[in-house]
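Morning, everyone. Please take a look at the structure on the screen, and I'll walk you through a few parts of it.

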Amino acid sequence: MNKTIDFRSDTVTQPTHAMKEAMMVAPLGDDVFGDDPTVNRLQEKVASLLGFEDALYMPTGTQSNLCALMAHCGRGDEYLVGQMAHTYRWEAGGAAVLGSIQPQPLEQNADGTIALEKIEASIKPDDPHFAMSRLLALENTWNGRLMGLDYLLQATTLAKSRGLATHLDGARLFNAAVALADQSQQTTAVALRAITQPFDSVSVCFSKGLGAPMGSMLCGSKMLIRQARRVRKMAGGALRQVGMVAAAANYALDHHVERLREDHAKAVQLAAGLTAMNALTVDGAHTNMVFVELNGRWRDRQTEFQTHLNAAGILTTGTYKLRFVTHLDLSAEDIDRALTHIEAFFKA
């Protein structure tokens with residue numbers, strides 16, 4: 001039986017033994033009453049780390065983004081967002097369904113950015129025929145790509161000049177910060193602040209690259225977080241002795257941020273091996289994601305290829321374009337084994 005090599009997502013990781021120990025000894029309280037000391041310390045820590053007044057612990061990134069959108073926008077308001085952004089496409093339409101907020105999806109460039117002129121043209125005038133444009137929502141990383149600081153500053157400056165608030169879906173914010181730190185030869189802490197500074201709110205996930213079992217954090221002003229807390233309660237996200245999982249997030253912040261470089265290196269290793277096979281079109285390895293398509297005469301054998309991967313215990317997501325995500329629970333040896341199994345398909 002082949003060992004499963006799970007590339008589906010960086011959400012599939014298991015808590016480490018040390019993380020479990022931190023969870024077991026965490027002091028607990030009732031977070032609905034605001035007296036879970038572990039949660040409170042985590043909120044203060046993340047707010048300070050990202051440069052915000054306040055923060056609110058959330059069960060999921062989807063709920064964190066939803067609470068942000070509903071805190072920024074009222075019924076009948078509109079937010080501008082990328083056509084392929086997670087908050088628009090993969091969060092079940094929550095802003096529209098639960099918040100009565102109209103999305104204005106905009107075409108994205110290959111790097112996830114939205115052309116500034118498209119943002120400008122999509123902001124509605126103050127006219128009763130239109131929904132009120134209230135918010136610009138961006139995402140970093142996007143499909144594993146780091147969004148440039150110059151662009152983030154230009155887009156948020158444009159939005160604010162037109163009276164819009166700005167929100168960042170930073171589910172993999174720490175991957176972005178580590179990559180930016182490496183590019184700019186600065187510390188990860190400085191890179192984090194550089195990414196988050198232009199935004200009015202930021203959501204960050206602990207259960208992706210950082211390897212915690214659950215949880216996200218929404219950061220913003222005290223006023224915004226007060227409103228988001230109300231929305232979280234309405235959405236069923238107020239929890240009780242949640243400090244046990246908050247302790248896992250805290251452990252991840254202390255021990256798993258800088259090691260994200262290992263995941264990025266494994267993605268480079270994977271992309272190089274796949275590219276060498278010549279039967280695949282490979283994109284990615286900007287952080288911890290690699291995207292793959294069969295090319296040439298192999299294109300019609302997609303189903304066979306997927307069956308081969310499954311039989312070898314190699315798990316991915318996608319249909320015509322496969323996504324491989326590297327993470328805490330995959331080793332360099334796992335990457336090599338996966339490459340060996342994949343290459344065997346093209347040699348058969």
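I'll start with one strand, then turn to the cores, and end with a small sheet. Keep in mind that this is a predicted model.

Let's begin with strand β6, residues 165–170. How many of its residues are buried? The count is 6 of the 6, so β6 is largely enclosed by the rest of the structure. Look at its two faces. A165, H167 and D169 are buried on one side. T166, L168 and G170 are buried on the other.

Now its partners. Strand β5, residues 132–139, runs parallel to β6, and 5 bridges join them. There, A137 stands opposite H167. Strand β7, residues 201–205, is also parallel to β6, with 4 bridges. Here L168 stands opposite V202. Helix α7, residues 149–161, joins in too: β5, α7 and β6 make a right-handed β-α-β unit.

Next, the cores. In soluble globular proteins, nonpolar side chains tend to be buried together. The largest nonpolar core here has 53 residues. Which residues have the most contacts inside it? They are L50, I119 and F206. L50 touches several residues distant in sequence, among them L173, F174 and V202. A second, separate core has 27 residues, including F7 and I335.

Last, the small sheet. It is open, with 3 antiparallel strands in the order β9-β10-β12. Its edge strands are β9 and β12. Neighbouring strands are turned by 25° on average, direction ignored. Helix α12, residues 260–275, packs on this sheet and touches β9, β10 and β12. The direction of α12 makes about 15° with that of β10. Between β10 and β12 there are 4 bridges, and F291 has R323 as its bridge partner.

Notes:
Residues numbered from 1 in each chain as written. Predicted model: local features only at pLDDT ≥ 70, side-chain atom pairs only at ≥ 80, totals over all residues. Heavy atoms only, no water. Core = buried A, V, L, I, M, F, W, Y, C linked by side-chain atoms within 4.5 Å. Buried < 20%, exposed > 50% of the residue type's maximum accessible area, 1.4 Å probe, protein only. Contact = heavy atoms within 4.5 Å. Pairing = 2+ DSSP bridges. Helix = DSSP H or I, 4+ residues; strand = E, 2+ residues; numbered from the N terminus. Axes fitted to C-alpha atoms, helices over the stretch in contact; angles between N-to-C directions. Right-handed = clockwise from strand over helix to strand, strands pointing away. Lists of a residue's contacts leave out its neighbours within four places in sequence.
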